[in-house]
Amino acid sequence: MRNIRITLAYEGTAYSGFQRQENSITVQEILETALQKLTGTKTTLYFVARTDAGVHAYGQECTLSESSIPGDRFIFALNILLPPDIRVTESREVPYDFSVRRNNYGKTYGYLLTEEKDCPPFFKRYAWQAGRKLDISKMEKAAGVLSGTHDFTSFRGNNSVPASPVRTLYDIRIIKKHHFFHIFVTGEGFLYHMVRNIAGALADAGTGKLTPEDLREILEAKDRKFLGATAPAHGLCLLKVYFTPVTKELTEKTICGSYAPWSV
């Protein structure tokens with residue numbers, strides 16, 4: 001059996017997240033159905049991030065076992081069978097002991113928001129229309145509090161699977177371009193809703209509702225009820241998964257990459 005790694009991009013609006021669910025259509029279900037048509041056998045995908053309903057991805061990473069089709073041919077065969085809002089962007093054979101879950105060093109997510117209450121229709125599926133004036137310097141000070149290693153219990157969703165809440169964030173970058181704020185969060189791993197809760201907290205910091213000291217106290221409280229609203233899912237995109245140690249140069253390359261509309 002070959003171990004095949006595929007990189008996926010998808011527009012998440014129509015799906016209830018990536019991971020297969022009992023009564024909802026997910027990206028994993030669509031992919032595994034296409035794989036069964038292609039290979040004639042039931043195939044299980046192993047993946048890095050389960051991404052929430054409505055969340056997008058440029059760089060979801062998966063592996064699967066296959067005996068007959070060369071790894072570099074999956075990109076062509078699968079894209080014929082997949083809907084246009086799910087694309088395989090790369091496929092290749094990897095060593096049999098390679099695991100996208102065990103062998104990754106971290107991820108970068110992008111979050112897009114605007115101060116406007118209404119934005120051009122081309123962005124409505126991808127940008128949170130916060131409808132409030134934001135001070136980027138206040139947001140950056142708040143981001144400085146969240147960077148590093150912390151217990152992020154206060155930033156995890158209520159439906160989190162059991163996991164250590166201690167996470168390391170390597171970098172949080174906020175870039176304002178025209179009417180949009182681009183938030184890039186790079187870390188070793190993330191809890192359920194963690195990035196969306198960070199985006200919501202940074203927006204509250206931008207309005208002056210939360211101060212850096214407030215965020216320190218919220219981290220120490222280890223209780224989600226002390227944090228504000230979770231930012232909407234449609235502003236979030238999984239941009240990149242790293243399979244080498246995360247460096248400043250790698251993070252910069254991702255931030256400067258072609259991930260429209262999240263790219264700057």
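Strand β5 is joined to β9 by 8 bridges, and the two run antiparallel. Strands here are DSSP E runs of at least two residues, helices are H or I runs of at least four, and both are numbered from the N terminus. Pairing requires at least two DSSP bridges between the strands. The model is predicted: local features need pLDDT of at least 70, side-chain atom pairs count only at pLDDT 80 or more, and totals for chains, interfaces and linings use all residues. Residues are numbered from 1 along each chain as its sequence is written, and side-chain values use heavy atoms, without hydrogens or water.

Within the β5–β9 pair, Tyr111 stands opposite Ile183. β5 also pairs with β10 (residues 236-242), antiparallel over 6 bridges. There, Lys107 stands opposite Val241. A parallel pairing with β6 (residues 128-129) adds 2 bridges, and Thr114 faces Gln129 in β6. In β5 (residues 106-114), 9 of the 9 residues are buried (under 20% relative accessible area, 1.4 Å probe, protein chains only; exposed is over 50%, partly exposed in between). The strand is therefore largely enclosed by the rest of the structure.

Helix α3 (residues 136-146) buries Met139, Ala142, Ala143, Val145 and Leu146. Seen down the helix axis, these fall within an arc of 150° (from directions of the axis to the C-beta atoms), so they line one face. The face turned away carries exposed Lys141 and Gly144. The buried residues pack against β7, β8, β9, α4 and α5, with contact meaning heavy atoms within 4.5 Å. Gly148, which follows α3, has a positive phi near 100°.
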